[in-house]
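Work through the exercises below with the sequence and the coordinates open beside you. Each task is followed by a solution that goes step by step.

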Amino acid sequence: YTDIYDDAMWLVNLVENILSVTRIENGAMAIQKQPELLEDVISEALSHIRRRLRGHTIQVRLENEFLMAWMDAKLIMQVILNIVDNAIKYTARGGRVEISLTAYQLFARIDIKDDGFGMEEEEIPKIFGRFYRSRQAAEQEGVGLGLYLAREIIESEGGYIKVTSKPGQGSC
């Protein structure tokens with residue numbers, strides 16, 4: 001039953017991503033910001049992905065456990081899910097994903113770092129394109145919407161998303 005459940009959850013996530021992309025592109029994305037504990041949003045996102053870990057280790061480092069942010073928690077949770085899912089997909093079985101939260105005076109930063117395959121610098125700007133799939137992605141499930149959607153949501157929230165990566169050294 002585990003495989004059926006995992007496949008069903010993948011399909012649910014895919015449908016949610018497609019619906020979110022459609023709403024964004026039609027200007028119908030309703031952002032409902034309110035103060036939320038970032039720790040709770042991260043924990044909720046991880047509770048949805050634990051079954052897909054494939055032996056990976058996820059470590060969460062919180063500089064401040066009671067960090068509040070003004071956000072749409074459901075949308076930020078979707079961003080975290082999409083990025084962590086990518087980190088798992090592009091990291092060898094048993095790899096490590098680290099999520100860290102850093103507080104600044106005017107914003108909070110969430111880093112999601114893996115020790116996966118990494119990518120060439122010239123590929124980084126392309127990964128946020130709708131339906132973009134790298135050569136490494138051909139073997140993995142997905143349609144190339146996760147990072148596009150993550151960028152759109154983060155920008156709609158007034159933030160930005162940045163990637164650093166090197167082949168063989170993972171991505172952040």
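**Exercise 1. Judge the overall dimensions of the protein chain against those of a compact globule.**

Solution. Begin with the expectation: for 172 residues, a compact globule would have a radius of gyration near 16 Å. The protein chain of this predicted model has 15 Å, which agrees with that expectation. Next take the extents, where the C-alpha trace spans about 40 × 40 × 35 Å along its principal axes. Then turn to burial and contacts: 44% of the 172 residues count as buried, and among contacts with a separation of 6 or more, those between residues 24 or more positions apart account for 74%.

**Exercise 2. Set out the order of the secondary-structure elements and state how confidence varies among them.**

Solution. The protein chain holds four helices and seven strands, and from the N terminus on these run α-β-α-β-β-α-β-β-α-β-β. For confidence, start with the average pLDDT of 84, with 91% of the residues scoring at least 70. Then compare the elements: the lowest mean pLDDT, 71, belongs to α1, whereas strand β7, residues 170–171, has the highest, at 95. That value for α1 should be kept in mind in the exercises that follow, since α1 gives the most residues to the lining of the second largest pocket.

**Exercise 3. Describe the second largest pocket by its volume, its lining and the elements that contribute to that lining.**

Solution. The second largest pocket contains about 520 Å³ of space. Its lining consists of 21 residues, of which N13, E16, K74, Q78 and L81 are the closest to the centre. Two or more lining residues come from each of α1 (2–25), α2 (38–49) and α3 (73–89), and α1 makes the greatest contribution, with eight residues. Sorted by class, the lining comprises 10 nonpolar, five polar and six charged residues.

**Exercise 4. Two of the residues closest to the pocket centre, Q78 and K74, are to be compared: which is buried and which is exposed?**

Solution. First locate the two residues: Q78 has its place in helix α3, and K74 lies in helix α3 as well. Now apply the cut-offs, under 20% relative accessible area for buried and over 50% for exposed. Q78 has a relative accessible area of 8% and is therefore buried, while K74, with 64%, is exposed. As for surroundings, and leaving aside neighbours within four places in sequence, Q78 is in contact with E16, N17, S20, L149 and I153. For K74 a long distance can be added, because the cut-offs alone say nothing about position: the C-alpha atoms of K74 and E120, 46 residues apart in sequence, are 32 Å apart in space.

**Exercise 5. Trace the contacts of S20 and I24, and explain why helix α4 is described as largely enclosed.**

Solution. Both starting residues belong to helix α1, as the placements of S20 and I24 show. S20 counts as buried at 4% relative accessibility, and I24, with a relative accessible area of 19%, is buried too, although its value lies just under the 20% cut-off. Leaving aside neighbours within four places in sequence, S20 is in contact with M29, Q78 and L149, and I24 with M29, L149, E152 and I153. Thus M29 and L149 appear in the contacts of both residues.

Now consider helix α4, residues 146–156: eight of its 11 residues are buried, so the helix is largely enclosed by the rest of the structure. The buried residues are G146, L147, Y148, L149, A150, E152, I153 and I154, and among them L149, E152 and I153 are contacts of I24. Just after α4, G158 takes a positive phi of about 90 degrees.

**Exercise 6. Is L62 buried, exposed or partly exposed, and which residues does L62 contact?**

Solution. L62 lies in strand β2, residues 57–62. With a relative accessible area of 27%, L62 is partly exposed. Apart from neighbours within four places in sequence, its contacts are E39, I42 and L101. Finally, L62 and L37 are 25 residues apart in sequence and 12 Å apart in space, C-alpha to C-alpha.

Terms used. Residues are numbered from 1 along each chain as its sequence is written. This is a predicted model: local features need pLDDT of at least 70, side-chain atom pairs count only at pLDDT 80 or more; totals for chains, interfaces and linings use all residues. Side-chain values use heavy atoms; hydrogens and water are left out. On a 1 Å grid over the protein atoms alone, a cavity is a set of points where a 1.4 Å probe fits but cannot get out, and a pocket is an open set with protein on both sides within 12 Å along at least five of seven lines; lining residues have an atom within 4 Å of a point. Grid points are joined across faces, edges and corners, and a volume is the space filled by probe spheres set on the points. Ala, Val, Leu, Ile, Met, Phe, Trp, Tyr, Cys and Pro count as nonpolar, Asp, Glu, Lys and Arg as charged, and the others, Gly among them, as polar. Buried means under 20% relative accessible area, exposed over 50%, partly exposed in between (1.4 Å probe, protein chains only). Contact means heavy atoms within 4.5 Å. pLDDT is the predictor's confidence in each residue, from 0 to 100. The radius of gyration is taken over C-alpha atoms; the globule rule is 2.2 Å times the number of residues to the power 0.38.
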